[in-house]
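Student: I have a structure open in front of me and would like to learn how to read it. Could we go through it together?

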Amino acid sequence: MLNREKQILELLAFCNTSKMTPLSICDSLNILFKKIINRKHQPLTSVSLRLCGKRIFHILIIFLFSCTEKNPHGFTKGLTPVKWEGKLESSKDCGNCHKEIYKEWKTTRHRVAFTNELYKESHEREPLIWCVNCHAPMMKAGGDSLKIEDRIFTEEGISCIVCHKRGDRILTAHTPSNPKEHEYIEVKEMKRSEFCENCHQFNFPVGTGNVPHKNFKYSNQPMQNTFTEWQMSYFYGKETCQDCHMQPRDGYKTHLFQGGHNKEYLAKTFSVNLEKITNTDVKLTLTAKRIGHAFPTGDFFRTLIVKLLDKEENEIKRVVLRYEYEEVAVNRNSETLSAKRLRERNIITPPVSREDAYYIKNVSLSEPEVKNIHSYELSMSYINESNKLFSGVEDNHGKLVFKREKIKIVPGINTDE
Ligand code: HEC
Ligand code: HEC
Ligand code: HEC
Ligand code: HEC
Ligand code: HEC
């Protein structure tokens, strides 16, 4: 077989087994195809028939077809930007008619994905174009994917057009029965968690990640694992990301995308319970109501802090929930491994057999401390504590206290009181 034929077959096999880069694979296949055709000046069918036999040709056509159909949104899990063709439209333009949705979207982290203090600070420290592929993915037609200046509407982050517009058509989960305003591309994936997976599930880059983008590769270690956590949870097959983060109201899907920055939603989700085990030991139970994955999830600095306080709000004890990573020096120049390795995972794991998830920890204190427990406080921290000294991020962006409540220690099953 010719080298080129082998290449195509290999690519085909990869397209079949990897769900990582369907678009770029299809692109390569297309390019290879065109090259062969241009060289031989023969019609597509006869070249490919001669090339690989009839069956391969059919498989190839099916693949080319299914690849473009499968991925009309053009997301590639952060490997490439999304090319913008068509009339330039800001979310404000959509907001002229879709008023409620626009108002909701304006309150979201999606809108500030490229402009919030946390992102700006960490992107300055790691100025990779890779980050922009998810935080502000639209690139002007004919732009250079390595140039930040060629991205458009960066100040709108994950805007309406990022999720909804390709060319002059609107991506929608269901084409309206009597469309007047738009032409549509129906993307069934939009009502499935897989649509969110495009950005909310990915691995650490190999090495430190600080290589030119051309050589950028993912390692096999998850960096954000939210989709996989959802698949492992009770909610898999029952409720999607959209069901919880875009809850329907007045007949439409809200666009609030509440998450780890939303005080109200967080306060509704989490609560703490204390049971007495002995005079110096209490059992702390943190309950997460209807959470569809682990918590914290997403960004790997995300931390949930539980504090037990006395009457004067002095801290008696804190429990910290987060992922801990360590640097592995020998992996820094690796072609396959991440330089960060998971050391410890002290988090709420996804609920597996019921709706709510629990995190349970026995806390040892002194007798007076147990007596002095008066209330608990829950807060989020968004920055790496060890970076805090060097970080320019102010406290009001770096953390959020979302709940403070009086608490009574209840007698445990093993206590006589
Ligand atoms: C001039 C008013 C107007 C503007 C501007 C507008 N839309 Fe629409 N849109 C509508 C109307 C009316 C419908 C109802 C269906 C139809 O007529 O096609 C609709 C339907 C939709 C739907 C599908 C709703 C469904 O039933 O599933 C989506 C998605 C959508 N618009 C997104 C957008 C986005 C994104 C923008 C900005 C790029 C935008 N629209 C700009 C008026 C508008
Ligand atoms: C194009 C990439 C992209 C897609 C597609 C996407 N997101 Fe996001 N999402 C992001 C980024 C980037 C952020 C982080 C913004 C920030 O805080 O800097 C984010 C933030 C969020 C947050 C807020 C988390 C927090 O910490 O407060 C929620 C919730 C969320 N996304 C849910 C969804 C859901 C549900 C879907 C699918 C319907 C989805 N996202 C699709 C990129 C995306
Ligand atoms: C993170 C991706 C994302 C962003 C950003 C986003 N949408 Fe959506 N939108 C969706 C998804 C997913 C659905 C389909 C939900 C479903 O049917 O389950 C949807 C549905 C809609 C619908 C149909 C509503 C319905 O009830 O069926 C309209 C209209 C719409 N979006 C307009 C907008 C407008 C306008 C903006 C910007 C202000 C916007 N969207 C921003 C993901 C997004
Ligand atoms: C059964 C409901 C449910 C499902 C399904 C669900 N979530 Fe969540 N999600 C929650 C709740 C509850 C929270 C916590 C409250 C909050 O953060 O405001 C949350 C928080 C988050 C956060 C912020 C996490 C943090 O550590 O700060 C992100 C990001 C997120 N969800 C994304 C997703 C994505 C992506 C999916 C689908 C793969 C998904 N969620 C599925 C309920 C759900
Ligand atoms: C494959 C998509 C993707 C890539 C690439 C990516 N991010 Fe994100 N990023 C996300 C999503 C999704 C979230 C939301 C999860 C959450 O809020 O917990 C997020 C959250 C963040 C946050 C947390 C913001 C907050 O609100 O707390 C920071 C900071 C961040 N990213 C910085 C970066 C930097 C810097 C890079 C490049 C080195 C990068 N990201 C690359 C998808 C991506």
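**Reading contacts, cores, strands and ligand shells**

Tutor: Happy to. Let's begin with a single residue: leaving aside neighbours within four places in sequence, Ala288 is in contact with Thr269, Phe270, Phe295, Ile348, Asp356 and Ala357. Keep in mind that this is a predicted model.

Student: Which residues have the most contacts inside the largest nonpolar core?

Tutor: A core is read as a set of buried nonpolar residues linked by proximity. Here the largest one has 25 residues, and those with the most contacts inside it are Leu286, Ala288, Phe295, Ile348, Tyr376 and Leu378. Strands E10 (270-276), E11 (281-288), E12 (303-309), E15 (357-364) and E16 (375-381) each supply at least two residues of this core. E12 gives the most, with four residues. There is also a second, separate core of 14 residues, which includes Trp84, Trp105, Val132 and Met139.

Student: How do I get a feel for the whole chain?

Tutor: Look at the overall counts. The protein has 14 helices and 18 strands, and 27% of its 417 residues count as buried. Among contacts between residues at least 6 apart in sequence, 63% join residues at least 24 apart.

Student: Is Pro205 buried or exposed?

Tutor: The test is a neighbour count, with 20 or more other C-beta atoms within 10 Å making a residue buried. Pro205 has 24 within that distance, so Pro205 is buried. This residue lies in strand E6 (residues 201-205). Not counting residues up to four places away in sequence, Pro205 touches Phe216, Lys217, Tyr218, Ser219 and Ser338. The C-alpha atoms of Pro205 and Lys340 are separated by 9.4 Å, while the two residues are 135 apart along the chain.

Student: Now strand pairing. In which sense do E4 and E5 pair?

Tutor: For each pair of strands, check the direction and the bridges. E4 (169-172) and strand E5 (residues 184-186) pair in the parallel sense over three bridges, with Leu171 opposite Ile185 in E5. On the other hand, strand E3 (residues 165-166) and E4 run antiparallel and are joined by two bridges. In that pairing, Lys165 stands opposite Ile170 in E4. The hairpin of E3 and E4 has two residues between the strands, and Gly167 takes a positive phi near 60 degrees there.

Student: Which residues come nearest to ligand 1?

Tutor: To read a ligand shell, ask who is there, which elements they come from and what kind of residue they are. Ligand 1 has 18 residues around it, and Cys94, Cys97, His164, Pro179 and Glu181 come nearest. At least two shell residues each are supplied by helix H4 (91-95), helix H8 (160-164) and strand E4, the strand we just met in the pairing. H8 provides the largest share, three residues. By type, the shell divides into seven nonpolar, six polar and five charged residues.

Student: And why does ligand 4 lie between domain 2 and domain 3?

Tutor: Both domain 2 (82-253) and domain 3 (263-411) give residues to its shell, so ligand 4 lies between them. In total 28 residues surround ligand 4, the closest being Cys241, Cys244, Gly259, Gly260 and Gly292. Two or more residues each come from helices H9 (193-200), H10 (226-232), H11 (241-245) and H12 (263-269). H11 gives the most, with four residues. The shell of ligand 4 divides into 11 nonpolar, 13 polar and four charged residues.

Key: Residues are numbered from 1 along each chain as its sequence is written. Chains are lettered from A and ligands numbered from 1 in the order in which they are written. This is a predicted model: local features need pLDDT of at least 70, side-chain atom pairs count only at pLDDT 80 or more; totals for chains, interfaces and linings use all residues. A residue is near a molecule or strand if its C-beta atom, placed from the backbone, lies within 6 Å of it. Ala, Val, Leu, Ile, Met, Phe, Trp, Tyr, Cys and Pro count as nonpolar, Asp, Glu, Lys and Arg as charged, and the others, Gly among them, as polar. Domain bounds come from an automatic or database domain assignment. A residue is buried if 20 or more other C-beta atoms lie within 10 Å of its own, exposed if 12 or fewer, and partly exposed in between; C-beta atoms are placed from the backbone. Two residues are in contact if their C-beta atoms, placed from the backbone, lie within 7 Å. Two strands pair if DSSP finds at least two bridges between them. A nonpolar core is a set of buried Ala, Val, Leu, Ile, Met, Phe, Trp, Tyr and Cys residues joined through C-beta atoms within 7 Å.
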